[in-house]
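Student: I'd like to go through the inside of this protein with you, both the empty spaces and the packed parts. Could we take it step by step?

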Amino acid sequence: MCGIVGYIGKRDVAPLLLEGLQRLEYRGYDSAGIVVSSPKSAGLKMVKAKGRVRDLEARVPARFKGTTGIAHTRWATHGAPSDVNAHPHLSADHKVAVVHNGIIDNAAELRRKLEAEGVEFLSETDTEVLTHLIARSPAEKLEDRVRETLRLIEGTYGIAVMHADFPDRIVAARNGSPVVLGIGEKEMFVASDIAALVAHTRQIVTLDDGEMATLKADDFRTYTTEGTRTTSEPTTVEWEAASYDMGGHDTYMHKEIHEQAEAVDRVLRGRIDDRFSTVHLGGLNLDAREARLIRRVKILGCGTSYHAGMIGAQMIEELARIPADAEPASEFRYRNAVVDPDTLYVAVSQSGETYDVLAAVQELKRKGARVLGIVNVVGSAIAREADGGMYVHAGPEVCVVSTKCFTNTCVAFALLALHLGRTRDLSVRDGKRIIEGLRKLPAQITEILAREEEIKELAARYAEARSMLFIGRVRGYPVAREASLKLKEVSYIHAEAYPASELKHGPLALIEPALPTVAIVPDDDLLEKNRAAMEEIKARSGRILAVAHQDEAKADHTVVVPKNEDELDPILMGIPLQLLAYHTALALGRDIDKPRNLAKSVTVE
């Protein structure tokens, strides 16, 4: 949630920061702001604007020069989107500027105390509390002022701070919200996401929770909030600036849907072991003996990652014969769950920074559990906290709604299930069968995407619906869940997903011509059961769009997808439904890459 970018060096800072904000806008797009300073000019200069980064850019004057600056694009938590609630926030004397991601839990209490001391607040935000506390600190050094302020704070933060009296530095700090440093040649960067940095440097340092940094043009240092120096060696990120471009597509969502064949090939590359009909997953840090002692697998994720976890749990049960289930991390962390030493916990997050998932991981680690992470972003918080895991190698995903990361995460779960299965009782023959199915996926994805025009025409037929029902059984149900979420997120059409077997237990009351049903109908041992559910819908004059391996007579329309192995079919059946959501949203004129009220990385509770 929200995007931070900062720079200190010799370049004109405003254009650089605005470019960074454009790359971070998917993290928040309610309002934006920028503060700059220069050793040659006194004080801080600030511009803020409600709306998109382009609205801010239109307000920045031509003579807005500086060589140091911080900027922010906001996803509102405290206070409605407005010019005054936009970040950065300035102290009353206009000497301190702060940008902040996260939520300060005790902001109201601190605000009352400051108001009692005569401080006047201009905004409704929790962030302004930080600004005034830093400004009022008696400490001589900026680092000490920030450190003293953070001791008073309860909650999460990723911050960058400038002070007019210390024009040679930016101070940053992290607790629960990502902060990365970019190391350049006599210039330094700070951001909440490497997307803002890769156009300028691929050398980064990721701050840990409880860690701070001071950036100067020719140097940086990191230390704890208690003042102890830490050692942080830069690492090289593999993603390049071109990865964040649209590549000739009209939207990032369309581009990322069409990148899935290549992305799946990446997650498979170098991991398949044909000799033993298994896979190499050295990053799990889990030897064969430990794998055989696992008695249960619990998968934790939120939103799309949770749905991928549901598919993963079914694969693990089918291939490894280990009881497995998925649960929303946001619920798990609050229900005082029994943590079993024989259970393997798997945390799933595209960004690797999802706050609810990270908090669940930290609680599990505190209780001695073994936790694996399945994430897309190298060096992210969950990757560092977990005992081991897998990167899904989907590449950067900029659109707020996830497509290629979902697909690659499902493939990663197939690899994990195969690995656990071959460690246990899965035969060489079945291992070979799954490997052959995995290798078919990229070409089959390409085959599905080649039918985009057909799906676009179907989307035009169903775009007038005010609500849609998605149904599936067993393997098809998580696909229905994810497809209904995609439609909601990007088109704003209400959608519900139900197990097809549950229709007669209530949802049939909703069936009428105005409520279309999307049925997930794989050609497996439940084919006739799924057809019976469609019979029930047709008997009540319901319209049906089927996603199936063959034309379905009971459906009004069928999207035919290529058949793979039964266990892997869900990976393919979700892809035409991504296109359905995309083209429905396009037909309705929605802002596809930036849906209302949503942000890409949910780093607040």
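Student: What volume does the second largest cavity have?

Tutor: Keep in mind that this is a predicted model. Searching the whole structure turns up four cavities of 30 Å³ or more. The second largest of the cavities has a volume of about 70 Å³.

Student: Into which classes do the residues lining the second largest cavity divide?

Tutor: Have a look at the lining, which includes C2, W75, H78, H87 and H100. R74 and D126 also belong to the lining, and Asp and Arg count as charged. The full division is two nonpolar, eight polar and two charged.

Student: And the largest cavity: which lining residues are closest to its centre?

Tutor: This cavity holds about 270 Å³ of space. Its lining divides into ten nonpolar, eight polar and five charged residues. Of the 23 lining residues, the closest to the centre are R27, D193, I194, S351 and V377.

Student: Now the packed parts. Which helix gives the most to the largest nonpolar core?

Tutor: In soluble globular proteins, nonpolar side chains tend to be buried together. Here the largest nonpolar core has 129 residues, and I34, I316, V346 and L438 touch the most other members. With twelve residues, the top contributor to this core is helix α13 (residues 404-423).

Student: Which residues does L438 touch?

Tutor: L438 is one of the core members that touch the most others. Leaving out residues up to four places away in sequence, its contacts are L268, V411, A414, L415, L418 and L568.

Methods:
Residues are numbered from 1 along each chain as its sequence is written. This is a predicted model: local features need pLDDT of at least 70, side-chain atom pairs count only at pLDDT 80 or more; totals for chains, interfaces and linings use all residues. Side-chain values use heavy atoms; hydrogens and water are left out. A nonpolar core is a set of buried Ala, Val, Leu, Ile, Met, Phe, Trp, Tyr and Cys residues joined through side-chain atoms within 4.5 Å. Buried means under 20% relative accessible area, exposed over 50%, partly exposed in between (1.4 Å probe, protein chains only). Helices (H or I, at least four residues) and strands (E, at least two) are DSSP runs, numbered from the N terminus. Contact means heavy atoms within 4.5 Å. On a 1 Å grid over the protein atoms alone, a cavity is a set of points where a 1.4 Å probe fits but cannot get out, and a pocket is an open set with protein on both sides within 12 Å along at least five of seven lines; lining residues have an atom within 4 Å of a point. Grid points are joined across faces, edges and corners, and a volume is the space filled by probe spheres set on the points.
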